[in-house]
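Trainee: Can we walk through this one together? I'd like to learn how each label gets earned.

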Amino acid sequence: MDRSGCCKLCREVEGKVYPSLGDDALRKLIERRAGAGRWACLVGYSGGKDSTYMLRRIAEWFPGRVLALTVDTQVMSECVWDNINRVVTSLGVEWIKHVPAPGFMPAMYRQVLRRLVEMRSGTIYSRSIAEFGPLCWPG
């Protein structure tokens, strides 16, 4: 990470710099896009420390207007599910657990592994970042 909070991969995308914008910028972005509907935002929630921090911050900013979503990756331990339940309950956040169709996750994992092999050989490394954008979350 450089002084602006940007990693090497993000700096290499066409020479652009994607600095870390911090909590204030994230909050303002959500405020601008939230509108008057039921939900201010949907937060992807894995149950890990990073997404727990993000969910907590956003739930503090928008009480009762945050919807959390967890995709069942079929490799998450009971400890993770216990943590997810404990956190969403304590924050008062509504939560959806999405279970993909049978066979989807194994097929996706096979694709990811194939692409990692390609990345290691140098064929996807720069293309994937250009297609999918920076890998650093502002903050």
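**Salt bridges**

Mentor: Sure. The structure holds five salt bridges, and keep in mind that this is a predicted model.

Trainee: What makes Glu31 and Arg27 a salt bridge?

Mentor: Check the distance. The closest N and O atoms of Glu31 and Arg27 are 3.2 Å apart, and the rule asks for a side-chain nitrogen of Lys or Arg within 4 Å of a carboxyl oxygen of Asp or Glu. So 3.2 Å passes, and the pair earns the name. As background, side chains of opposite charge can pair when their charged atoms come close.

Trainee: Where do Glu31 and Arg27 sit?

Mentor: Both are in helix α2, residues 22-34, and they are four residues apart, about one turn of the helix.

Trainee: Why is Glu31 called partly exposed?

Mentor: Its relative accessibility is 42%. Buried needs under 20% and exposed needs over 50%, so 42% falls in between and Glu31 is partly exposed. Arg27, at 32%, also counts as partly exposed.

Trainee: How do you know that Glu94 and Arg38 form a salt bridge?

Mentor: Their N to O distance is 2.7 Å, so with the limit at 4 Å the pair qualifies.

Trainee: What does the Glu94 and Arg38 pair tie together?

Mentor: Glu94 lies in strand β3 (residues 94-98) and Arg38 in the loop between α2 and β1, so the pair ties together parts that are 56 residues apart in sequence. Glu94 has a relative accessible area of 41%, which makes it partly exposed, and Arg38 is partly exposed with 45%.

Trainee: What about Arg57 and Glu60, which salt bridge do they make and at what distance?

Mentor: They pair with each other, with the closest N and O atoms 3.6 Å apart. That is within 4 Å, so it counts. Both lie in helix α3 (residues 49-61), three residues apart, about one turn of the helix. Arg57 is partly exposed at 23%, and Glu60 is partly exposed at 39%. There's a wider picture too: Asp23, Arg56, Arg57 and Glu60 are linked in a network of salt bridges.

**Cysteines**

Trainee: How many disulfides are there?

Mentor: Zero. To count, a pair of cysteine sulfur atoms would have to be within 2.5 Å.

Trainee: Is Cys41 buried or exposed?

Mentor: Cys41 has 14% relative accessibility; that is under 20%, so it is buried. Cys79 has 57%, which is over 50%, so it is exposed.

**Patch and core**

Trainee: Which residues make the nonpolar surface patch?

Mentor: Val112, Leu113 and Leu116 make it, and it covers about 250 Å².

Trainee: What makes Val112 fit for a patch?

Mentor: A patch residue needs over 30% relative accessible area. Val112 has 37%, so it clears that bar. Val112 is found in helix α5 (residues 104-120).

Trainee: Which residues touch the most other members of the largest nonpolar core?

Mentor: Of its 21 residues, those are Ile30, Val43, Tyr45, Leu55, Ile58, Phe62 and Val66. The elements giving two or more residues to this core are α2, β1, α3, β2 and α4, and α3 gives the largest share, five residues.

Trainee: What does Tyr45 touch?

Mentor: Leaving out residues up to four places away in sequence, its contacts include Leu55, Leu69, Ile84 and Val88.

Definitions and conventions
Residues numbered from 1 in each chain as written. Predicted model: local features only at pLDDT ≥ 70, side-chain atom pairs only at ≥ 80, totals over all residues. Heavy atoms only, no water. Buried < 20%, exposed > 50% of the residue type's maximum accessible area, 1.4 Å probe, protein only. Patch = residues over 30% accessible without salt bridge, like charges linked within 9 Å, V, L, I, M, F, W, Y side chains within 5 Å. Areas by Shrake-Rupley, 256 points an atom, 1.4 Å probe, with all protein chains shown as cover. Core = buried A, V, L, I, M, F, W, Y, C linked by side-chain atoms within 4.5 Å. Contact = heavy atoms within 4.5 Å.
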